[in-house]
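Visitor: I have a protein model to look at, and I would like to know how its labels are earned. Could you walk me through it?

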Amino acid sequence: MPQGVDGKKKKLTRSFSLCAIPVTRRLYALFDVYHEQDFEDYKNFSPLPRCPAIHVSYWDALMVSIWLHGGFLDEWEWEYACRGGASDSGDKQPMWWWGNDETLLQEHAWIAFNSGYRTQAVGQKIANSYRLYDMLGNVFEWTSSLCLA
């Protein structure tokens, strides 16, 4: 059961599924053939067709998810999927699905230090126990939850 920053548990109320990898440039181009042309720097930051799509607005992401016969996860569902079933209670809650060892971060995620400050082809890092890749790093993820920052 996911746990929020406030320490409260959230009960998931529906089943859901998601793709094992983020939406790639190649897949997104099938949805919107003109998307990449709108951004001069697109290929600098997402150089390969198997890299994740970038410069995707909330509404673009919502529409492509509908086009793919899916939907948005909410914040709690995303957290649950990202942790890959690694759950504990209270202070024992691990930071990541592999535990709390920050030295393993670069084995599991594309971050600034190991990515050259650009996206990398999806599916190259170690998947979580649900066989989901790139749940951390590479690109930001949209959820259906409102951001009230």
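Guide: Gladly; we will go label by label and set values against definitions.

Guide: This is a predicted model, in which local features need pLDDT of at least 70 and side-chain atom pairs count only at pLDDT 80 or more, while totals for chains, interfaces and linings use all residues. Residues are numbered from 1 along each chain as its sequence is written, and side-chain values use heavy atoms, with hydrogens and water left out.

Visitor: How many helices and strands does the protein have?
Guide: It has six helices and zero strands, so the order from the N terminus is α-α-α-α-α-α. Both kinds of element are DSSP runs numbered from the N terminus: helices are H or I with at least four residues, strands are E with at least two.

Visitor: What makes Glu 77 count as buried or exposed?
Guide: Buried means under 20% relative accessible area, exposed means over 50%, and partly exposed lies in between (1.4 Å probe, protein chains only). Glu 77 has 2% relative accessibility, so it counts as buried. In the whole protein of 149 residues, 36% count as buried.

Visitor: What is the salt-bridge partner of Glu 77?
Guide: Its partner is Arg 14, with the closest N and O atoms 2.6 Å apart. A salt bridge is a side-chain nitrogen of Lys or Arg within 4 Å of a carboxyl oxygen of Asp or Glu, so this pair earns the name. Glu 77 lies in helix α4 and Arg 14 in the segment before α1 (25-31), so the bridge ties together parts that are 63 residues apart in sequence. Arg 14 has a relative accessible area of 45%, so it is called partly exposed.

Visitor: How many salt bridges does the structure hold?
Guide: The structure holds three. Another joins Glu 36 and Arg 25, where the closest N and O atoms are 2.9 Å apart. Glu 36 is in the loop between α1 and α2 (42-45) and Arg 25 is in helix α1, so this pair connects parts 11 residues apart in sequence. Glu 36, at 22%, is partly exposed, whereas Arg 25, at 9%, is buried.

Visitor: What separates Glu 79 and Arg 83 in helix α4?
Guide: They are four residues apart in that helix, so about one helical turn lies between them. Their side chains meet in a salt bridge at 2.8 Å, N to O. With 22% relative accessibility, Glu 79 counts as partly exposed, while Arg 83, with 13%, counts as buried.

Visitor: Which residues touch the most other members of the largest nonpolar core?
Guide: Of its 13 residues, these are Trp 78, Cys 82, Trp 97, Trp 98, Leu 105, Met 135 and Leu 136. Helix α4 (residues 75-83) gives the most to this core, with three residues. The name fits a set of buried Ala, Val, Leu, Ile, Met, Phe, Trp, Tyr and Cys residues joined through side-chain atoms within 4.5 Å. A second, separate core of nine residues includes Tyr 42, Val 56, Ala 61 and Phe 72.

Visitor: Which residues are in contact with Trp 98, leaving aside its neighbours within four places in sequence?
Guide: They are Leu 104, Leu 105, His 108 and Leu 136. Contact here means heavy atoms within 4.5 Å.

Visitor: Why is Trp 67 called partly exposed?
Guide: Trp 67 has 38% relative accessibility, so it falls in between the two limits. This residue is in helix α3 (residues 58-67). With Leu 30 and Leu 68, Trp 67 makes a nonpolar surface patch of about 310 Å². Patches are made of residues with over 30% relative accessible area and no salt bridge; like charges are joined within 9 Å, and nonpolar side chains (Val, Leu, Ile, Met, Phe, Trp, Tyr) within 5 Å. The areas come from the Shrake-Rupley method with a 1.4 Å probe, and for residues only the protein chains shown count as cover.

Visitor: How do you know that Ala 61, Val 64 and Ser 65 are on the same side of α3?
Guide: These three are buried in α3. They cover an arc of only 105 degrees around the axis, which puts them on the same side; the arc is that of the directions from the helix axis to the C-beta atoms. The cover over the buried residues of α3 includes α1. Met 63 is also in helix α3, and with a relative accessible area of 45% it is partly exposed.
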